[in-house]
Amino acid sequence: MAEEFVKPRRVLDVSALPDVTFASRSITWWGTLGMMVIEAGVFALALASYLYLHSRSATWPPGVLPPDLLWGTINTAIFVLSMIPTEWYRRRARQGDTSSVQIGLVLACIIGVATLLVRYKEMTHLNTDWTQSAYGSIVWLIMGLHITHLLTDWVESVVLTVLFFSPHIEGKRFVDAEENASYWYFVVITWIPIYFIIYWAPRWLRS
Amino acid sequence: MIALLSAVPGFRGPQTPLDPAGPQALHIEHTLFLIFWITSVVTVVVLTVLAFGVLRQHAKGEIPPPFEVDPQTERRATWIVGSAIGVTVILLFVMMISSFITSHRTAVLANSSALKINVYGHEWWWEIEYPNEEQPYRIVRTANEIHVPAGTIVDIHGTSRDVIHSFWAPNIHGKKDLLPGYWNDLTVEVDHPGTWRGQCAEFCGLQHAHMAFNIVAQSREDFNNWYNAQLKSASEPQTPQAIHGREVFLSHPCMMCHTIRGTTANSTVGPDLTHVASRSMIAAGTLVNNTGNLTGWIANAQSIKPGCRMPPNPMDANDLNDLVAYVESLR
Amino acid sequence: MSEQKAQLVLEVASRESSERRAENLTRVWAEPAGVWGWFKAVHHTTIGKRYIVTAFAFFLAAGLLAGAMRLQLAFPEAHIMSPDMYNQVFTMHGTVMMFLFAVPMMFEALSVYLVPLMVGTRNIAFPRLNAFSYYLFLFGGLTLFAFFFVNSGPDRGWFAYVPLSGPDYTPGKRADMWAQLITFTEVSALAVAVEVVVTVFKLRAPGMSLNRIPVFVWGQVVTAFMVIFAMPGVVIASTMLLLDRTASTQFYNPAVGGDVLLYQHLFWWFGHPEVYIIFIPGTAIVSTIIATFSRRHVFGYMALVLSLIATGFIAFGLWVHHMFATGIPQMSESFFTAASMMIAIPAGTQIFCWIATVATGKVVLRTPMLWVLGFFFVFILGGMTGIFVASVPVDLQVHDTYFVVAHFHYVLIGGAVFPMFGAFAYWFPKITGRMMSERLGVWSFWLFTIGFNITFFPMHILGLRGMPRRVYTYPAGAGWTVLNQIESCGYVLLFLGVLVFLVNVWRSLRTGPIASSNPWGAGGLEWAADSPPKPYNFLDLPTVNGREALWDAAPDQPIVAGLHEDVREMLTTRLMDAEPEGRDEFPEPTIWPFVAAVVTTALFIGSIFRPVAVSIGAIPLAIALIGWFWPTRQESARRRERDIWQKNS
């Protein structure tokens, strides 16, 4: 033992700190939050553009009927109700409850498919197309932006579900499951103002 | 800054905001000078203090260890920095108020008796129109040369026929964008007779550099004479050359784009040529209006202003000369 | 263990064990070798260096384009370039400088390289995203130049106003390529913005509470937030432009309810903060260099940080100040004048604080400090002409003239390029392990500074004599010829200044004296790492006791211990007080970000020609992203064994 000792020094021992951390203690959560802020900015400016184009237009909607209410309202209901199972599996994820999270994720995938199918019906009832007027263009742009979010969230849910039925279950997966739930909330919450703008603004601002 | 100062007296000319020809440009010039003097003094003071700070005690050779500044010095520095910020705020306030006042002064001139002129921006020339509300058919339409009576308030009412342009005659007033889908107004007044130059100030494509115009201010009497002359249809060509020139004009693609009132040419793609010979420049302020330039321009405008809408017009020399003779008769 | 807390303990470590640890960490953190390894790298110093070199190459390219413009403008009615070529050249110059040099260099490159070192961690948060963002930036830039070389370079200015850039007035693919380049660069800037925010919020060394974060890091955080809030503006504006051009939407077509000013509002919502995104990092560099070379803590730390934050906020209230000539109502004119003037207050505060630092310190005149002094001269002049353009009536005269060209070159070259050269001289020893030549540094400084002023000062006068911007030529009789020729001569000196800098870099890399870990005796944490830093940055993760970590360290300042060193483990700390609160793993090197960037590039470029490319490209992109996030079996098993769950969750 020819080890040459140096004098003892103070160290900050961090070995007891947890490595499965949720919400503001997880860096994934902060990353997701950052993405949400960016996307929320895009949505906000798209909606502002809608109102700006309205302010520059003599008739609104220009020469067409407003979008039909039925399918959009059904989808809104699905979005709102979907928050119940989402909140359930989000809480179970924090407890590390594998089977509940498995069920929750399968549900999330099914809900995703349902909203996409209803969304398809919505798109066929917008009563305008994007080449007709600036009104049609902005309606389709906003809907397109939201569909992109539905699709990406759905793919993410499917991948995570597969992981949860594979040998890859570990603490990080539960953190991911919680993030997946938060992201779904984001998709739902952004939909609410979009719903009012797309479906109700043409009725309220009609001129 | 010193270079800028000594250059100030040299700023005389037909296209500078520092040689105002009307009250709007004059008000703006005053604000500009106020800001110029304040910022110049501030710059000199700040840089002098910095130079003293650097030269007062700077280390030579090795880098000395970091040190703690004694609290008294720090406190004194805090006071000085604080008061400097205070002075900054006051000076900014002065300049802000001055620019509000100027905005207000340049805006209040509009009134209903003003002479109204419509300006349309085109790639790359200016269409000028003197609307007549009582007799809407009696419209003076010209291009790239705006005549105004001196000492009269003029309302320039502008839009664009294609992309965004910006109307700017710096001796008269600041610029105003001409936007498709919008009408913008610029109220101006020119004090005394003279000619000033303006230029498009918003990038509008290939020939943005060659999109100028003249503002010609005249006495009331001269202006009325000009206006009445412009109202008339084109004069009949007198010489055999010019008569043949008119045939050339009407049998060539010229009439596909231009109007000459009193003939069958009535297209509005290019400038109205009814009184083209009365204008001092052609091709939107690019060339002096003389025989040589006109000939070159008609024969091959693309070599002078590449990309402009005027196509090359191959024709034999006699036809070309007669055509120029006709165009030059359109006074 | 019941308490999930970090604990201060006394430890006896042997020198040999620290050597063993170093060896082990080198193995764990080493970038993969070989050609493929190059594309797998994810360490922030590796990616940061690539960012710096790439962005600087774009700076040189755009600088050469400026030379072409100066040649054309040296003679009235010159035909050296066709108007079409000139329009492409000035558009490329502006676009490349703004999107491929200024933001990537001042924000992405510098913060990717420096921020993790300055906050005392071993890598940037989300390192794979970081690699992806770099490749996207690189590919976007290369594609833009490829289009330019086949005569399809964008030619509608760096702002590409509609309707000029719309489907009716710009046939071909030029404007589409411009809009897609914006997409490339905004994705990469946004990715880095998120990484920087998370790195600074969660990965700071214990003890580096909010009020001890280095000013440079504050600057980059404020910039990151501005990127996050501003970029969506240009995302929407350029997407609408692209859709108008390729999918027949009508956003900007006034004939069917579209509006041309909508584009300007959205563009300047981004475009004005963009200016501050470019020079806030510059001012943050100045604060750093001034402190080191005045040998004291920077004067007015709080005032400086608050000024940065205030600038960030006010910057979003200014966008209309680019639209004064569009005929907006007088009320909003007054509001935007007031906001534009107000931004001079934080700018002035910073300048006064720096002068106070210099005046009460012991100034050491080395090359980095020279660049900072040059910055003062140039930036103050640019700030003063900024007041001219803030005043609506004066702006109506100088807007879109050479006065404005002079103004923003003073602000941007003064606010970004001078600090950048200062930063190169300052951190070169850290990045490369060698010192630069002082003699050549002084030469390049003086050539650049004199050349810069000769080139750009006369532009103020030209503008006041009525010369508009973006003209490919001017009449001989306008009286603008002599000043233009003086400017073109100045360009030559400017060019020589950059050339001498390059020679300096080239020689110093080979024969420069070996640098110690802290050659300037500076106080920042980055100077605690080796020069150049080892792949794991710090053998012992540091803790912090003051704003200048090394100057303020206690004699027995503790180090961090207890992280697993067989994987790339990191320590996470609390946002406000930087108390340790958790551990996490940095991901390993991988090829997937590169693959994803290649696929994304194909998708973006394909969509210019066929919109359906977006749908087709989405499938391989999804596959690449799944590969990116898919864990290996051993990783999962290892972590499962070690997992410590957060209590009271």
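**Figure 1. Strand β6 of chain C, tucked into this predicted model.** We start with β6(C), residues 580-585, in a model that is predicted. Five of its six residues are buried, so the rest of the structure largely encloses this strand. Its hairpin partner is β5(C), residues 569-573, and the two pair in the antiparallel sense over five bridges. To find the register, look for C:L571, whose bridge partner in β6(C) is C:R583. Six residues sit between the two strands of the hairpin, and C:A578 takes a positive phi there, near 55°.

**Figure 2. Chain C as a whole.** Zooming out for a moment, chain C has 20 helices and six strands. A compact globule of 649 residues would have a radius of gyration near 26 Å, and the 25 Å of chain C agrees with that. Its C-alpha trace spans about 85 × 60 × 50 Å along the principal axes. Of the 649 residues, 63% count as buried. If you take the contacts in chain C between residues at least 6 apart in sequence, 80% of them join residues at least 24 apart.

**Figure 3. Helices α8 and α9 of chain C, side by side.** Here α8(C), residues 260-294, packs against α9(C), residues 301-314, with the axes 11 Å apart and an angle of about 175° between them. The cut-off for roughly antiparallel is an angle over 145 degrees, and the two helices are therefore roughly antiparallel to each other. On the α8(C) side, the contact uses C:Y276, C:I280 and C:S287, while α9(C) brings C:L304, C:L308, C:T311 and C:G312. By type, the residues of this contact are four nonpolar, three polar and no charged.

**Figure 4. Where chain C meets chain B.** Two pairs of chains touch, and the pair with the most contacts is B and C. In this interface, 75 residues of chain C are in contact with 75 residues of chain B. Several elements of chain C each supply at least two residues to the side that touches chain B, among them α4 (83-119), α10 (330-342), α12 (367-390) and α15 (438-464). The largest share, twelve residues, comes from α11(C). The residues on this side of chain C split into 45 nonpolar, 21 polar and nine charged. The backbones join in as well: β1(B), residues 58-59, runs parallel to β2(C), with two bridges between them. One pair to look for is B:A59 and its bridge partner in β2(C), C:V364.

**Figure 5. Where chain A meets chain C, and what happens between A and B.** The contact of chain A with chain C takes 53 residues from chain A and 70 from chain C. On the chain A side, β1 (9-13), α1 (27-55), α4 (134-164) and α5 (171-204) each supply at least two residues. The most come from α1(A), with 14 residues. Sorted by type, the chain A side holds 29 nonpolar, 13 polar and eleven charged residues. Chains A and B are another story: no contact joins them, and their closest C-alpha atoms lie 10 Å apart.

**Figure 6. A sheet shared by chains A and C.** Four strands form an open sheet with mixed pairing, in the order β1(C)-β1(A)-β4(C)-β3(C). The edge strands are β1 and β3 (541-542) of chain C, each of which pairs on one side only. Five bridges hold β1(A) to β1(C), residues 7-11, and these two strands run antiparallel. In that pairing, A:R9 stands opposite C:E11. Three bridges join β1(A) to β4(C), residues 559-561, this time in parallel. Here A:L12 has C:V560 as its bridge partner.

**Figure 7. Strand β5 of chain B, covered on both faces.** Our last close-up is β5(B), residues 145-149, where five of five residues are buried. In a regular strand, side chains alternate between the two faces of the sheet. One side of β5(B) carries B:E145, B:H147 and B:P149, the other carries B:I146 and B:V148, and all of these are buried. Next to β5(B) runs β11(B), residues 212-218, in the parallel sense and joined by five bridges. The bridge partner of B:V148 in β11(B) is B:A217.

Notes. Residues numbered from 1 in each chain as written. Chains lettered and ligands numbered in written order. Buried ≥ 20, exposed ≤ 12 C-beta atoms within 10 Å, placed from the backbone. Pairing = 2+ DSSP bridges. Rg over C-alpha atoms; globule rule 2.2 N^0.38 Å. Contact = placed C-beta atoms within 7 Å. Axes fitted to C-alpha atoms, helices over the stretch in contact; angles between N-to-C directions. Parallel < 35°, antiparallel > 145°, perpendicular 65-115°, else oblique. Nonpolar A, V, L, I, M, F, W, Y, C, P; charged D, E, K, R; others polar.
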